[in-house]
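Biologist: I'm happier with a gel than with a fold. Could you walk me through how to read this one, feature by feature?

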Amino acid sequence: MRSDAEHVLKSSQDLSSIRETEPLDFALRFLELHDAAVQKEPGGLEALIPEELCARLGIPEHSRLQQDNPGNEEEPGSHFINYGSPLLEKMLAETLHRAPLAYCTLEFDYIKSGGFERLLRDQLTFYGVIASTETVADIRTRYLHMDIRYTAQCDEQKEGLLSLVHNLESKVFVPVMAGMLDNLGFRIKYGKPPDGSHQLVASFQPHVERCARIMLQEQLEPFRRSMERRLKRDVHNLGEYYRSLEQEMRANMDNPNLSENARQDRMAKIKTLPQELSRKIEDLQKKYTIRVRMRPVAAMLVNSPAKKMVCRVIRGRMSGQLSLIYNPVTRGIDPLACSKCGGSITHVHFNSELTPMCLECAGV
Ligand SMILES: [Zn+2]
C-alpha cells in the first residue's frame with residue numbers, strides 16, 4: 001500500500017527539474033533579505049553588507065563570497081561559503097533565530113495577456129474530457145518558498161539544502177519555481193509579513209516536509225546505492241573471512257598433537273561461527289542504515305500577481321469548471337492538485353463528478 005506521500009512523488013511533474021540549493025544561492029537570498037547590495041560574479045558574490053549584519057556574521061562590510069572549489073585558495077577579503085563553513089552556519093543560525101519568515105511582493109513590468117488556450121494545451125493533458133478556457137482574470141496569489149536543511153547519516157554523512165515552493169491557495173507543489181526566484185524580469189520587494197503569516201506557514205509546514213521527504217528519497221538515491229554497494233562488499237569480505245577461519249580451524253584439528261579437550265573446544269568454537277557471522281552482518285547493516293534528519297531553515301511568503309484561468313470541462317452531458325493559475329515567474333500554468341492525494345499533476349484524469357485526479361487515484 002502506497003502512502004499519500006509516495007503518491008505525491010509519483011504524480012509530481014518533472015522531478016528531474018528539482019535541484020538542491022547551492023550554499024551560494026542561499027547566501028544570496030539571505031543577504032538580499034537583510035538589505036545587502038549583492039552582485040553575482042563568476043564563482044561567487046560581491047556584497048555590500050549593512051553594518052549591523054557584518055558584526056553578526058563577522059565579515060567586513062564589503063565582502064566577496066566564494067564557493068570552495070578544490071584547489072582554490074581563500075583570497076584576501078573573500079570568504080568561503082560551503083556546507084560546514086562557519087559563515088554558512090552563522091547565516092543558517094541567524095535565519096532560524098531572527099527571521100524565520102520573510103515576506104516579499106513581486107512586481108512585473110509585463111505579464112502575458114493572451115495565448116492561454118494554447119498554453120493550456122501545451123502544458124496540461126486532460127483525459128476523457130474536452131477542456132477550454134472560459135475566462136482569464138488578474139489576481140494576486142501567494143507562494144511559500146521553504147528551505148529545508150537535511151543531514152543523511154550513515155557510515156559517512158551527507159548534507160544539503162532543498163528549496164520547495166507551494167502555492168498556498170491551491171496547496172500544489174510547483175517544482176520548477178524554486179530555482180526561478182532570482183530570475184531577472186521582475187523585482188522583489190521585501191517587507192514585513194502580514195498578520196497571521198506565521199500561523200499560516202506553521203500549518204503548512206507538515207505538508208512541505210512530507211514533500212521534501214519524498215524529494216529527498218530521489219536525491220539520496222545515489223548515496224543509498226553507494227552505501228548498499230559498500231554493505232554488500234563488506235558482507236562479502238566478512239563471509240570470506242569466516243569461511244577461511246573455519247577452514248583453518250578444521251585443518252588444525254587434523255593435528256595429531258591436539259588433545260581431546262582442545263579438539264572439543266575447537267569443535268564448539270566452529271559451531272558458534274555462523275552465529276558470530278550473522279551478528280557481525282547485523283552490525284554492518286546498522287552501520288550502513290541511512291538516518292535522515294530535516295529541519296526548515298528559512299521560509300518566505302511570496303505575494304505575486306498571477307492570472308486565474310477558469311476552464312470548462314465537458315464529458316458527454318456533464319460539464320464542470322476548473323480553476324488554474326498562470327504563474328508569471330515560471331511563465332507556465334501551475335500544476336493541478338489531485339483532489340484525493342494532493343499530488344501535483346499535469347496529466348489530469350477525472351472522477352465521475354469531474355473533479356481532477358491523478359492517474360492512480362482515478363483508478364483508470
Ligand atoms: Zn492522487
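**Reading the fold**

Modeller: Let's start with a small sheet: three strands form an open sheet in the order β7-β16-β17, with mixed pairing. β7 (125-126) and β17 (356-357) stand at the edges with a single partner strand each, so one side of each has no neighbour in the sheet. Before we go on, this is a predicted model, in which local features need pLDDT of at least 70 and side-chain atom pairs count only at pLDDT 80 or more, while totals for chains, interfaces and linings use all residues. Residues are numbered from 1 along each chain as its sequence is written.

Biologist: What do you call a strand, and when do two of them pair?

Modeller: Strands (E, at least two residues) and helices (H or I, at least four residues) are DSSP runs, numbered from the N terminus. Two strands pair if DSSP finds at least two bridges between them. Here, strand β16 (residues 347-350) is joined to β17 by two bridges, and the strands run antiparallel. His 349 has Met 357 of β17 as its bridge partner.

Biologist: How many helices and strands does the protein have?

Modeller: Nine helices and 17 strands.

Biologist: And how do I read the overall shape?

Modeller: Try the radius of gyration, taken here over C-alpha atoms and set against a globule rule of 2.2 Å times the number of residues to the power 0.38. For 364 residues, a compact globule would come out near 21 Å, but this protein has 28 Å. Its C-alpha trace spans about 100 × 65 × 35 Å along the principal axes.

Biologist: Which strands does β11 pair with?

Modeller: Among them is strand β8 (residues 130-153), which is joined by 23 bridges to β11 and runs antiparallel to it. In that pair, Ala 131 sits opposite Val 313 of β11. Strand β6 (residues 101-108) runs parallel to strand β11 (residues 291-315), with five bridges between them, and Leu 101 has Ala 299 as its bridge partner there. Then strand β12 (residues 318-327) pairs with β11 in the antiparallel sense over nine bridges; Arg 312 stands opposite Gln 321 in β12.

Biologist: What happens at the turn between β11 and β12?

Modeller: The hairpin has two residues between the strands, and Gly 316 takes a positive phi near 60 degrees.

Biologist: Which residues other than glycine have a positive phi?

Modeller: The general idea is that most residues other than glycine have a negative phi. Lys 171 is one to look at, with a positive phi near 65 degrees; find it in the loop between β9 (157-167) and β10 (186-191). Arg 331 is another, at about 55 degrees, in the loop between β12 and β13 (332-333).

Biologist: How is helix α2 placed, mostly covered or mostly open?

Modeller: First, the yardstick: a residue is buried if 20 or more other C-beta atoms lie within 10 Å of its own, exposed if 12 or fewer, and partly exposed in between, with C-beta atoms placed from the backbone. Helix α2 (residues 23-33) is mostly covered, with eight of its eleven residues buried. These include Phe 26, Leu 28 and Phe 30, along with Asp 25 and Arg 29. Asp 35, which follows α2, has a positive phi near 65 degrees. Over the protein, buried residues make up 29% of the 364 residues.

Biologist: What does α2 pack on?

Modeller: An open sheet of four strands in the order β2-β3-β4-β5, with mixed pairing. Its twist averages 25 degrees from one strand to the next. α2 packs on this sheet, touching β2, β3 and β4, and its direction makes about 15 degrees with that of β3. Contact means C-beta atoms, placed from the backbone, within 7 Å; axes are lines fitted to C-alpha atoms, for helices over the stretch in contact, and angles run from 0 to 180 degrees between N-to-C directions.

Biologist: How do helices α7 and α8 cross?

Modeller: Two packed helices are described by the angle between their axes and the distance between the axes. The axes of helix α7 (residues 221-253) and helix α8 (residues 260-287) come within 10 Å and cross at roughly 175 degrees. That makes α7 roughly antiparallel to α8, a label given to angles over 145 degrees, with under 35 roughly parallel, 65 to 115 roughly perpendicular and the rest oblique. Among the residues that meet are Leu 231, Leu 238 and Tyr 242 in α7 and Ile 270, Leu 273 and Leu 277 in α8.

Methods
Two residues are in contact if their C-beta atoms, placed from the backbone, lie within 7 Å.
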